[in-house]
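User: I am new to this structure. Please take me closely through the sheet in the second chain, then place it in its surroundings.

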Amino acid sequence: MTELLQYAFPESQSFAVNMFKGQINPSQVFPFPSVMNEEQTQFLQELVPPVSKFFEEVNDPAKNDSLEKVEDSTMESLKEMGAFGLQVPQDLGGVGLTNTQYARLVEIVGQHDLGVGITLGAHQSIGFKGILLVGSPAQKEKYLPKLATGETLAAFCLTEPASGSDAASIKTLATLSPCGKHYILNGGKIWISNGGLAEIFTVFAKMPMMDEKTGQMKDKITAFIVERSFGGVTHGPPEKKMGIKASNTAEVYFENVPVPIENVLGEVGGGFKVAMAILNNGRFGMAAALSGTMKGVITQAVDHAANRVQFGSKIHTYGAIQEKLARMTMLQYVTESMAYMISGNMDSGSKDYHIEAAISKIFASEAAWEVTDECIQVMGGMGFMKGSGVERVMRDLRIFRIFEGTNDILRLFVALNGFQDAGKHLKSLQKALKNPLGNAGLLAGEITKRAKRTLCASWVVFNGQYGCIVMLFLLSIADEQFVLKRVADSAIDLYAMVVVLSRASRSLSQGHASAQHEKILCETWCIEAYDRIMKNVKDLKSSSTTQVFKNMKAISAAVVENGGIVAPHPLGF
Amino acid sequence: MSRVLVGVKRVIDYAVKIRVKPDHSGVVTDGVKHSMNPFCEIAVEEAVKLKEKKFIKEVVAVSCGPTQVTETIRTALAMGCDRGIHVEVSGKDYEAMGPLQIAKIFAALAKKEEASLVILGKQAIDDDCNQTGQMTAALLDWPQGTFASEVTIDGEKVKVVREIDGGLETIKISMPAVLTADLRLNTPRYATLPNIMKAKKKKIANMKPADLGVDMVSRVEVLRVDEPPTRLAGVKVETVDDLVAKLKANGTI
């Protein structure tokens with residue numbers, strides 16, 4: 001491997017964090033992580049066939065969708081199978097899987113039934129993940145065994161009617177009881193997956209607390225483990241949804257619920273961090289599941305294209321179809337590569353994978369939507385019919401761009417997070433970043449000095465034979481969301497390029513039969529991603545784009561003021 | 001109480017598209033998905049059920065072949081067998097391995113393990129021989145209940161309902177005996193993840209055919225393997241007279 005730029009500040013090994021600092025840190029991305037030892041690999045190989053068989057032969061996704069619940073017999077079998085405690089340690093009754101092993105199984109679920117996927121995920125990926133991550137030994141021993149067998153189900157309760165993306169603004173209140181032994185919980189949560197089924201809830205509530213620095217009372221969020229049996233916990237009817245109908249979604253109400261102080265999860269006042277840690281920790285699962293979903297629909301699209309004859313030829317011989325199938329394949333390849341790179345990094349002990357995890361969630365949810373949409377298009381009218389099953393997948397997928405952090409919020413997160421870190425060690429620059437227009441002079445100087453490393457792309461030939469890395473260092477001189485979105489898109493494309501370069505390189509160096517095919521996937525992806533990044537950079541520099549942003553603001557203001565379309569009808573009435 | 005030996009064979013998965021090797025010496029097995037022979041799964045399920053009903057005390061899963069067959073033994077352990085025996089056979093011996101060699105191995109093991117029952121699948125889906133169970137019984141001079149669709153233990157005897165061409169035949173045989181499982185005997189359970197975990201702690205013993213005094217020399221030589229001929233296109237005719245004329249023309253009638 002050719003010597004690449006050395007990172008100046010070794011605190012973070014994350015590729016994405018360093019990318020924003022203007023440095024290439026390849027340690028987490030090259031070579032493609034291979035983190036399982038022989039025993040873990042063998043164990044996982046034994047788990048895949050029975051789980052696949054179950055989802056192929058027993059689970060009926062169409063039935064689950066039309067019943068708007070997971071069939072009782074299927075739920076029972078899933079519990080017996082151990083599917084509800086995949087990451088709970090074996091000594092507490094779970095299967096004790098690593099993130100990579102979990103990803104491989106979740107991929108199977110994603111391939112067959114996202115409704116079941118969300119039921120399982122809402123339970124273990126977020127519902128009781130807090131107990132796994134920050135629970136005390138006593139809390140773990142008390143709750144995990146029954147959660148692992150599915151005897152009790154869990155739900156994650158954060159969202160409220162007035163608090164979605166703005167999670168810090170939640171109003172559910174926890175006040176210490178006079179006896180000091182309980183917190184009394186009051187409030188209501190909406191759109192809670194498993195809300196109607198769960199026995200154990202991870203609930204986030206605000207508490208007035210004394211801020212040591214200012215001496216003032218401030219609302220801080222605390223996380224609680226709440227049992228339905230505490231009393232005062234009720235739920236509403238199952239919501240009628242576009243998709244993942246088999247998953248139960250309901251409002252959950254807390255009325256004077258007494259929560260023992262031992263049930264505080266993590267630190268008092270540290271709830272927001274707990275929430276973010278939970279969501280962050282589960283994100284890779286989504287990319288894994290969706291890579292499975294895409295695999296499944298691609299198989300259907302290919303089967304159709306390879307057999308359907310129109311105008312005398314099989315339709316896969318036509319360029320229009322070929323481009324669709326190729327794009328679908330690349331999107332699946334990138335998503336899969338991201339999922340297993342991140343799970344591999346997490347298993348190797350990385351603690352700052354938050355940017356990559358957010359990138360993978362954005363990418364996977366949008367890729368899956370596009371791939372499934374194109375699958376329906378390839379299948380034509382058949383794709384639109386219920387019998388093919390693809391329309392159900394399409395309906396199931398829509399929510400993935402919305403929940404667990406909307407893709408719009410996550411893009412801002414990626415861009416702003418990146419700049420936070422970049423600013424940290426560039427002391428003077430940090431101030432400038434916060435007040436860009438006021439420090440334009442300073443910024444200009446910095447830009448010139450770091451001209452090679454800012455606002456330009458450079459090709460670095462890696463290993464001479466196998467691939468190239470496009471390095472992009474971006475410096476945004478405005479905190480406009482229009483701008484941040486494009487910064488985030490470029491960061492996503494860049495990370496996507498890196499993961500496929502890593503994966504394809506590994507296949508080539510290991511001499512896989514598919515290595516040449518993967519090389520083509522990788523090259524094609526990188527060529528197009530590079531073009532997109534270059535366009536984004538060009539746009540950010542151009543004055544016409546600035547004008548476009550200004551115009552969009554004005555258009556939006558006008559339609560909001562008018563309550564809808566402003567331009568009068570072309571016919572005048 | 002008693003001990004049961006169950007044979008489990010690692011075969012190409014039933015869903016795989018079989019391809020003949022370019023040199024016509026056999027079928028492609030490299031990189032192809034393998035799993036437990038479906039009739040062996042049924043045999044394992046029956047043995048485990050008998051143990052759960054407390055008719056027998058211990059179920060031993062046996063497989064013959066190279067290292068990869070331990071995966072198949074572990075699946076049997078995950079379904080509820082107590083321990084496994086891996087009889088190592090590899091290379092040319094493995095390629096030439098057939099019912100006679102397996103029957104000899106099972107006969108030797110049945111005596112060594114003092115088994116009351118040997119339960120096998122009625123046939124394997126790769127060679128479709130339908131011989132191993134019968135040969136094993138003959139070598140041991142034990143009664144056999146083949147094509148079993150129902151098995152009931154009654155004291156020292158076994159009542160077996162057999163699927164035969166004319167319908168169902170019920171026989172009663174003394175133990176020790178050899179049984180072979182047919183499709184409708186039971187529905188094999190799914191291995192659950194906790195059982196797979198528990199199976200990791202169960203023991204698999206290794207041995208070679210020579211340890212059992214079995215010679216693996218085959219009296220059968222495979223000359224050539226071919227795909228079945230491609231189905232020819234049919235011809236549509238308009239009337240019955242046309243049909244009769246065509247059948248006469250190609251010599252069928």
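Analyst: The sheet comes first, then the contact between the chains, then the other chain.

This is a predicted model: local features need pLDDT of at least 70, side-chain atom pairs count only at pLDDT 80 or more, and totals for chains, interfaces and linings use all residues. Residues are numbered from 1 along each chain as its sequence is written, chains are lettered from A and ligands numbered from 1 in the order in which they are written, and side-chain values use heavy atoms, with hydrogens and water left out.

Chain B holds an open sheet of 9 strands with mixed pairing. The order is E9-E8-E7-E10-E6-E1-E4-E5-E11. Helices (H or I, at least four residues) and strands (E, at least two) are DSSP runs, numbered from the N terminus. Two strands pair if DSSP finds at least two bridges between them. Strands E9 (167–174) and E11 (204–207) of chain B stand at the edges. Each has a single partner strand, so one side of each lacks a neighbour in the sheet. On average, neighbouring strands of this sheet are turned by 30° against each other, direction ignored.

Look at one pair. Strand E6 (residues 117–121) and strand E10 (residues 177–181) of chain B run in the parallel sense, with 5 bridges. Val118(B) has Val178(B) in E10(B) as its bridge partner.

Helices pack here too. Helix H1 (residues 38–52) of chain B lies across E1 (3–7), E4 (58–65), E6, E7 (144–154) and E10 of chain B. H1(B) runs at about 145° to E6(B). Axes are lines fitted to C-alpha atoms, for helices over the stretch in contact, and angles run from 0 to 180 degrees between N-to-C directions. Helix H2 (residues 69–79) of chain B packs on the sheet and touches E4, E5 (83–88) and E11 of chain B. The direction of H2(B) makes about 165° with that of E5(B). Contact means heavy atoms within 4.5 Å.

Now the neighbouring chain. The contact takes 19 residues from chain A and 11 residues from chain B. The area buried between them is about 1,400 Å², with carbon and sulfur atoms giving 63%. Buried area is the accessible area (1.4 Å probe) that two parts lose on being put together, summed over both. Phe43(A), Glu46(A) and Met81(A) supply 34% of the area that chain A buries against chain B, more than any other three residues.

Within chain A, the axes of H5 (residues 99–112) and H10 (residues 319–347) come within 8 Å and cross at roughly 150°.
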